[in-house]
Amino acid sequence: MTTPHTPQHAAPPGGRALAVAKRGAEHVLWARVAGQRRLEALRGTARPVPDSVPPTAVLQTRAEAEAAVAAAKALRLPLHHDRVKNWDALGAVGAVLALGGRDGALPQRVIDAGSARYSPILPWLRLYGVPFLLGTNLEFGVPVRRDGVTFRYGDVTDTGLPDGSVDAITCMSVIEHGVPIVPFLAESARILRPGGVLAISTDYDYDPPDTTGTSMYGVPVHIFGPGEIRELVAQAGAAGLELVGELTEEALQHPERPCHWKRTGLDYTFVLLTFRRR
């Protein structure tokens with residue numbers, strides 16, 4: 001699948017030093033994935049689908065985040081360096097594998113929108129044997145392949161992909177960085193097949209801290225509150241995307257703020273939302 005768009009590349013966030021560190025982490029990760037796939041194929045080993053994180057949920061405590069780390073380790077999945085990010089990754093991958101395929105089979109075509117080549121979503125799905133995996137990001141230029149996975153330039157609001165052409169989309173910790181929500185949801189609904197899955201995670205707090213004047217990666221820092229999450233779910237419904245599970249008032253609350261963003265000094269949590277295309 002190709003896109004007719006001319007790339008308008010964004011600057012890598014965090015500067016040159018962080019970009020070099022991320023590139024090193026990327027190569028280590030994908031070398032491990034390639035070697036692990038070959039070894040597991042020789043041994044005939046398999047892993048169960050993750051089911052410890054619900055497809056729609058709010059991260060409640062640090063203990064929940066550590067339980068997700070332990071679950072990922074038990075499944076022989078390479079961990080995200082930011083331990084708390086393994087929670088939403090585990091939930092999203094579990095939702096894609098359990099719900100994204102037809103008649104109980106693996107999903108065949110999955111896109112990670114706003115992807116990073118060092119993040120765990122596509123490596124994990126590769127280890128589970130999903131055949132077509134694509135990561136898109138405004139930062140990417142010439143397409144790059146890592147162990148059969150393609151990473152290329154792409155806009156989450158205007159992918160250029162055919163209608164109904166993918167089984168599942170993940171979009172992890174992206175929409176808080178200034179993504180226009182309604183166009184993103186509309187584009188996701190357009191390219192998903194009926195019954196396809198969209199899994200989104202984002203920064204969240206039941207009582208969001210004041211982020212006025214705080215910017216990162218060239219955009220204001222934003223942490224979603226419960227009203228905004230309810231509005232997002234309503235906007236998704238209007239686009240033809242039905243929430244999997246429930247977000248009750250009680251579910252939207254959380255006793256702890258397990259996430260700490262050192263560069264901003266902010267504490268908050270994550271919300272994971274999974275939708276199915278009607």
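## Charges over rings

Let's start with R47: its charged end sits over the ring of Y128, 5.5 Å from the ring centre. R109 does the same sort of thing with F132, where the charged end is 4.2 Å from the centre of the ring. Keep in mind that this is a predicted model.

## Rings meeting rings

A pair of aromatic rings is described by the distance of the centres and the angle of the planes. How many aromatic pairs are there? The count comes to 4 aromatic pairs. One of them joins F140 and F151, with 5.9 Å from centre to centre and 85° between the planes, so it goes down as edge-to-face, for which the planes must be over 60 degrees apart. In sequence terms the two partners are 11 residues apart, and the pair links distant parts of the chain. F140 lies in the loop between β3 (132-137) and β4 (144-146), while F151 belongs to strand β5 (residues 149-153).

Are F140 and F151 buried or exposed? Both are buried. Another edge-to-face pair is made by Y268 and F270, whose centres are 6.2 Å apart with 65° between the planes. Y268 has 6% relative accessibility, so it counts as buried. F270 has a relative accessible area of 3%, so it is buried too. Back at F140 and F151, W30 joins in: these three residues form one aromatic cluster.

## The chain as a whole

Zooming out, the protein chain has 7 helices and 12 strands. Its C-alpha trace spans about 50 × 45 × 45 Å along the principal axes. Why does the radius of gyration fit a compact globule? For 278 residues such a globule would have a value near 19 Å, and the protein chain has 18 Å, so the two agree.

What share of the 278 residues counts as buried? That would be 51%. The accessible surface of the protein chain comes to about 12600 Å², and 55% of that belongs to carbon and sulfur atoms. As for contacts between residues at least 6 apart in sequence, 73% join residues at least 24 apart.

## How far to trust it

Mean pLDDT for the protein chain is 93, and 94% of its residues reach 70 or more. Which stretch has pLDDT below 50? That is residues 1-12, and beyond near neighbours in sequence this stretch has 32 contacts in the model. Where pLDDT is low, the predicted coordinates should not be read in detail.

Key. Residues numbered from 1 in each chain as written. Predicted model: local features only at pLDDT ≥ 70, side-chain atom pairs only at ≥ 80, totals over all residues. Heavy atoms only, no water. Phe/Tyr/Trp six-rings, centres within 6.5 Å; stacked < 30°, edge-to-face > 60°. Helix = DSSP H or I, 4+ residues; strand = E, 2+ residues; numbered from the N terminus. Buried < 20%, exposed > 50% of the residue type's maximum accessible area, 1.4 Å probe, protein only. Lys NZ or Arg CZ within 6 Å of the ring centre and 35° of its normal. pLDDT = per-residue confidence, 0-100. Contact = heavy atoms within 4.5 Å. Rg over C-alpha atoms; globule rule 2.2 N^0.38 Å. Areas by Shrake-Rupley, 256 points an atom, 1.4 Å probe, with all protein chains shown as cover.
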